[in-house]
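Visitor: Please take me through one part of this model up close. I would like to see how its helices and strands meet.

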Amino acid sequence: MSGAVWSYSENESVSNEVASAAADVAKGASAEPVVLEIGAVRAGVRAPGAKLLLKGPATSDVPPEVAAEAIAKASKQLQPAAILIGATRYGREIASRLAVKLTVGCLSEVSKLSADGNALAGERNAFAGKVVAKVSCALPAIATVKVGYYAAVESAGTAVTESDVGQVNPLVKVVSREKKAAGAVDLRSAKVIVSAGRGVKKKEDLPMLEELAREMHGALGCSRPLSSDLGWLPEEHHIGLTGVTVKPDLYLALGISGQLQHTAGMKDSKVVAAVNTDKDAPIFQASDYGIVGDLYQIVPAIRKALASRR
Amino acid sequence: MRIAVCVKHAVDETELKIDSGGKPLLSGATSRMSTFDKNAVEEGLRLKAAHQGEVVIFTVGPSDSKKTMKEALAMGADKGVLVTADTTSIDTMRTASLLAAAIKKAGPFDVVLCSEGSSDTYSGQVPPMLGEMLGAAFTGYARKLEVNGQTARVERSLEDSLEVVEAPLPVVASVVSEINEPRYPTLIQIMQAGKKPLEELNGDQLQPAGAYRQASVVSMSAQQSARKHVMIEGSPDEAAAKLVEALIREGVLSK
Ligand SMILES: Cc1cc2nc3c(=O)[nH]c(=O)nc-3n(C[C@H](O)[C@H](O)[C@H](O)COP(=O)(O)OP(=O)(O)OC[C@H]3O[C@@H](n4cnc5c(N)ncnc54)[C@H](O)[C@@H]3O)c2cc1C
Ligand SMILES: Nc1ncnc2c1ncn2[C@@H]1O[C@H](COP(=O)(O)O)[C@@H](O)[C@H]1O
């Protein structure tokens, strides 16, 4: 492999993760990792390697349609060997559009990326995490990088080069954007995660779990129905295949059945404990410690046990 | 209004068996409609109820996919187009290009619906690729979709925000599961679905493979997991105290 390995995400912290992936791929190959910025250089993107600023599109807001067009234009000019994009909801669109624009193969949701001769190689979950698949695509190639797998690499200011890609006129117009209910936690760096499932009967009961999380110096996560169907927590709080992947020291699942799509996002936790009223709930198969019981009784009891140790 | 819905016949992960060597037994595995595609079909039926027209189901897959397509027809779709291809060996680009070719052939369509991601591979790539290939507006992760005249208004669910966007028709959209509650077909609908038109096209004839190197799966193995499976007994207070003790012993709880 030779040439550059580009990385991009519209999200600053994911951008740092993808930059680490690009550095991994570049290492061992005679390639150079390059972090893409569109419109403006972001201070929060502290990536290893050089930065390439794509100028032309407006600076404040880069929708996926615009990002894809900008990256495609630069790519036709500069011919990178590989382009890595963070697998966020925007990112999947960017990568897919790029693949079509450039007629280049595209891997999805990959971790453990490397350059393998003339190909980009990696691993991904298949069948809701029941199976691990080794995947590969001949260069030049594109991949969406699984969020939550790579640690950001701290690095000092890097050289910035620029490329003018001109204006892009998207078909899709953003009318408004509204933040979902605030969630200040960063699940990916939390050492302890207390995670809520449909066993929690109403939104008003979440503070009890939040308190427990705080007392354990951890953060509150949830299963998909709580963020998606019920809207009790932002989407970025849900753990699993379609949400975040976490690997805390302790994952405490409360009222979560443990379907494959959920466990796909927490199976690499160091210790897993679960509370569920159903003794046959699959979550117990994915746990080190299990209590068959009602979370409304067990959670207060755990808080009491913690308090008595202080 | 003409509405296309892309529906995948996906391997049922809950039924998938693993052999003694740790390899998934894909040949002979049970498949069924990709979970969230039911929401895409439902949304297509809702658009038809509001605007008249027809709903056409598109599937790329083996002949066995007809089972899944008939389910969509039983829900209320009008007809189906199956593009035969071996979905275990083609990538998202090839899948999208076959869908695009079939949709163009049967088109034009005002709205093309997919789900956010298929339940077996979850790549979320086919829908935006399709938008790009059809030269249509694309908007992903729709949790609400309305069409007024020649404009679609979509509420997109992003990680930390809700975004409202407008796009001119034709539009390709992927939906999330909270957009609706899919209906269950009645027995009569299931019986009638067999009589609805279901066209079959050969993938290689419809559209020869493109001039790029496909992404491929090199090997697969079962996910390894080694957990202790200790069940803690006793009253809530006793169980909680034992759990806290165990977690401190493991060194995962600071006192
Ligand atoms: C393509 C796809 C992707 C998906 N991605 C994700 C994902 O990323 N993350 C995710 O979480 N899900 C995902 N899902 C959904 C997943 O399949 C499950 O439906 C979901 O995880 C179930 O959430 P749950 O365990 O909270 O709810 P349920 O399955 O309803 O389980 C609730 C559990 O709570 C227990 N319970 C009830 N009352 C109590 C009580 N008082 N005390 C203790 N226990 C109690 C019940 O016994 C039950 O086990 C996905 C699905 C698909 C098809
Ligand atoms: N083989 C297929 N046939 C029909 N539609 C598909 C196929 N593969 C993917 N799709 C559509 O694209 C969506 C996302 O799939 P994926 O990109 O595989 O995650 C699915 O929910 C379907 O709507």
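Guide: Contact here means heavy atoms within 4.5 Å. Keep in mind that this is a predicted model.

Start with two helices of chain A. They are H2(A), residues 64-78, and H3(A), residues 89-102. Their axes come within 8 Å and cross at roughly 40°. That angle makes H2(A) oblique to H3(A). The crossing of H2(A) past H3(A) is right-handed.

Now the side that H2(A) brings to the contact. Pro64(A), Glu65(A), Ala67(A), Ala68(A), Glu69(A), Ile71(A), Ala72(A), Ser75(A) and Lys76(A) take part. From H3(A), they meet Tyr90(A), Glu93(A), Ile94(A), Arg97(A), Leu98(A), Lys101(A) and Leu102(A). By class, the residues of this contact are nine nonpolar, one polar and six charged.

Next, the sheet. Six strands form it, and the sheet is open. The order is S12(A)-S11(A)-S13(A)-S14(A)-S15(A)-S13(B), with parallel pairing. Strands of a sheet pair through backbone hydrogen bonds. The edges are S12(A), residues 219-222, and S13(B), residues 230-231. Each edge strand pairs on one side only.

Look at the end where chain B joins. S15(A), residues 289-292, pairs with S13(B) in the parallel sense over two bridges. Gly290(A) stands opposite Met231(B) there.

Chain B also brings a helix to these strands. H7(B), residues 236-249, lies across S13(A), S14(A) and S15(A). In chain A, S13 covers 250-254 and S14 covers 271-276. H7(B) runs at about 170° to S15(A).

Note on methods. Residues are numbered from 1 along each chain as its sequence is written. Chains are lettered from A and ligands numbered from 1 in the order in which they are written. This is a predicted model: local features need pLDDT of at least 70, side-chain atom pairs count only at pLDDT 80 or more; totals for chains, interfaces and linings use all residues. Side-chain values use heavy atoms; hydrogens and water are left out. Axes are lines fitted to C-alpha atoms, for helices over the stretch in contact, and angles run from 0 to 180 degrees between N-to-C directions. Helices (H or I, at least four residues) and strands (E, at least two) are DSSP runs, numbered from the N terminus. Angles under 35 degrees count as roughly parallel, over 145 as roughly antiparallel, 65 to 115 as roughly perpendicular and the rest as oblique. A crossing is left-handed if the near helix is turned anticlockwise from the far one by less than a right angle, and right-handed if clockwise. Ala, Val, Leu, Ile, Met, Phe, Trp, Tyr, Cys and Pro count as nonpolar, Asp, Glu, Lys and Arg as charged, and the others, Gly among them, as polar. Two strands pair if DSSP finds at least two bridges between them.
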